[in-house]
Amino acid sequence: MSKLSSLPRQIALDLGHTPQASLDNFIPTGNENLLALLTDLQKFWRGAEQEISLRADLRMMHLWGESGSGRTHILEAMELSAKNLGVDTCLLNHDSTQDQWRAAGSLVSEKPLTPVLLCVDDIDSLDEFAQGALFRIHNLIR
């Protein structure tokens with residue numbers, strides 16, 4: 001018997017693969033209520049809640065937390081879920097261009113009765129233009 005055949009079989013680990021963000025792989029420790037709200041929002045998008053209008057607490061949510069608390073994960077998970085369900089989405093942050101901010105504002109103003117998901121990450125890093133755009137979008141939603 002050769003030495004190679006007597007070695008244990010090795011299995012390669014896929015350490016470079018990052019799974020797509022989802023609510024299923026979000027660890028909600030201390031955020032179970034938030035997870036329940038986001039799950040309700042997904043149900044609304046699926047049409048499971050057609051008989052009622054979108055609850056006021058689901059129309060606009062502001063999330064905050066310490067670095068590493070999962071904010072970006074939640075935003076990416078909700079954006080992916082919305083896209084998969086045919087909901088228009090915009091994921092914006094401090095790197096977004098002025099054109100992307102304008103497009104988000106147009107999307108919100110042109111579809112007042114259609115679900116649109118607008119996710120803004122790291123608002124504390126937004127420049128003056130983005131802050132103004134976010135303020136205008138916030139007022140459009142209200």
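The following questions and answers concern the cores, one serine and the salt bridges of a predicted model.

In this predicted model, local features need pLDDT of at least 70 and side-chain atom pairs count only at pLDDT 80 or more, while totals for chains, interfaces and linings use all residues. Residues are numbered from 1 along each chain as its sequence is written, and side-chain values use heavy atoms, with hydrogens and water left out.

Me: Which helices and strand each supply at least two residues of the largest nonpolar core?
Reply: A nonpolar core is a set of buried Ala, Val, Leu, Ile, Met, Phe, Trp, Tyr and Cys residues joined through side-chain atoms within 4.5 Å; buried means under 20% relative accessible area, exposed over 50%, and partly exposed in between (1.4 Å probe, protein chains only). The largest such core has 16 residues, and Trp45 and Met78 are among those that touch the most other members. With helices (H or I, at least four residues) and strands (E, at least two) taken as DSSP runs numbered from the N terminus, the suppliers are helix H2 (32-46), helix H4 (71-84) and strand E2 (116-120).

Me: Which residues does tryptophan 45 touch, not counting residues up to four places away in sequence?
Reply: Contact means heavy atoms within 4.5 Å. With residues up to four places away in sequence not counted, the partners of tryptophan 45 are Met78, Ser81, Ala82, Leu85, Val87, Pro115 and Leu117.

Me: Is serine 96 buried or exposed?
Reply: Serine 96 is found in the loop between strand E1 (88-92) and helix H5 (98-110). Its side chain reaches the backbone nitrogen of asparagine 93 at 2.9 Å. Because its relative accessibility is 15%, serine 96 counts as buried.

Me: How many residues apart are arginine 71 and aspartate 122?
Reply: The side chains of arginine 71 and aspartate 122 meet in a salt bridge (3.6 Å, N to O), a term for a side-chain nitrogen of Lys or Arg within 4 Å of a carboxyl oxygen of Asp or Glu. The pair links distant parts of the chain, with arginine 71 in helix H4 and aspartate 122 in the loop between E2 and helix H6 (128-141); the separation is 51 residues.

Me: What is the distance between the closest N and O atoms of aspartate 88 and lysine 111?
Reply: Aspartate 88 is partly exposed at 25% relative accessible area, and lysine 111 is also partly exposed, at 32%. These two residues form a salt bridge, and their closest N and O atoms lie apart by 2.5 Å.

Note on methods. A polar contact is a pair of N or O atoms within 3.5 Å; within protein, one must be able to donate a hydrogen and the other to accept it, and residues adjacent in sequence count only if both atoms are side-chain atoms.
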